[in-house]
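Work through these three exercises with the structure open beside you. Try each task before you read its solution.

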Amino acid sequence: MADSKEGRGDIHIYSGIDDLKTELAEYISDLSEKSVKERGFFSIALSGRSVVNFIRKLTGTPYMITVDWSKWHVFFADERAVAKSHPESNYKLAKDEFLSKVPIPSSHVCSINDNVEVGIAAQEYQFAIRQHVKSHRVAASVCTDCPRFDLVLLELGPDGHVASLFPGHTALCVAHDWVTHIVDSPRPPPERITFTLPVINSACNVAIVAVGDDKADAVRFAVGHTTGGNVDWEDYESADADSSPARLVDLMDGKLVWFLDSCAASNLN
């Protein structure tokens, strides 16, 4: 690790991407062990195309032996409304590069229905998550009517977006649903499903990964400024349309950790 800085959450800066991947794998392994000991399960939500590549070290030594993969329950914090076999599918990427290489039971992977229109798929995914909460495979937040994932793993976009929550989009203002959908993503494909801010902010842990010079301004804005405390739960409906979505990640009762390479962190003071 090259450096650590103060800001919103714990900020870890690495001189190289390989070092970042190594520490991220260890971080996830430690959270998994802690969650399994405390609850008997580990619930993780994946988001972003690059996130899967960042966690591939988990498929090697020593994690294939030390991690209790049978206790993992995997979700998707966002997904493109395409067939699961489509190259743009987050599920396909996760399956090809990670899920097929670790012994997580297929029944423990909660993917989004690709056979219905995007609005119905979002509703169905919310219902599926509710069933996991009822069965205690996913914890429930004591602060909100939301699931409390053990870890939500996000990638920061150059524009500050996380999951499929983009700057200025009305999806940022969804306050009462766990999952929502959009049909006008500024990045293709246009139709997507995404966790809402209340669900992300109810997590036990959120890790945001950013690498590259093109993320430097987004990192500076999201990390170098504070909202002055937790985002008011009632303020989601009036969220600043120009705010960086990553800046609105402000956990109610959890821990936020940033994994940055030196390029992404280059504009931090």
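**Exercise 1. Place G40 in the chain and decide whether G40 is buried, partly exposed or exposed.**

Solution. The model is a predicted one.
- Step 1: Find the loop that runs between α1 (17–39) and β3; G40 sits there.
- Step 2: Take the relative accessibility of G40, which is 22%.
- Step 3: Compare with the cut-offs: buried is under 20%, exposed is over 50%. The value of 22% lies in between, so G40 is partly exposed.
- Step 4: Look for contacts. Beyond the neighbours within four places in sequence, G40 touches S35 and K71.
- Step 5: Check R137, 97 residues away along the chain. The C-alpha atoms of G40 and R137 are 8.2 Å apart.

**Exercise 2. Find the buried residues of helix α4 and explain why they line one face.**

Solution.
- Step 1: Select α4, residues 90–97. Its buried residues are N90, Y91, L93 and A94.
- Step 2: Look down the axis of α4. The buried residues fall within an arc of 165°, so they line one face of the helix.
- Step 3: Recall the general rule. An α-helix has 3.6 residues a turn, so residues three or four places apart point the same way.
- Step 4: See what the buried residues of α4 pack against: β3 (42–46), α2 (49–54), β4 (72–76) and β5 (78–80).
- Step 5: Go to the N-terminal end of α4. S89 caps it, with a side-chain oxygen 3.2 Å from the backbone nitrogen of Y91.

**Exercise 3. Describe the whole protein chain: how many helices and strands are there?**

Solution.
- Step 1: Count seven helices and twelve strands.
- Step 2: Of the 269 residues, 53% are buried.
- Step 3: The accessible surface is about 11,400 Å², and carbon and sulfur atoms hold 48% of it.

Definitions and conventions. Residues are numbered from 1 along each chain as its sequence is written. This is a predicted model: local features need pLDDT of at least 70, side-chain atom pairs count only at pLDDT 80 or more; totals for chains, interfaces and linings use all residues. Side-chain values use heavy atoms; hydrogens and water are left out. Buried means under 20% relative accessible area, exposed over 50%, partly exposed in between (1.4 Å probe, protein chains only). Helices (H or I, at least four residues) and strands (E, at least two) are DSSP runs, numbered from the N terminus. The arc is that of the directions from the helix axis to the C-beta atoms. Contact means heavy atoms within 4.5 Å. A polar contact is a pair of N or O atoms within 3.5 Å; within protein, one must be able to donate a hydrogen and the other to accept it, and residues adjacent in sequence count only if both atoms are side-chain atoms. Accessible areas come from the Shrake-Rupley method with a 1.4 Å probe; for residues, only the protein chains shown count as cover.
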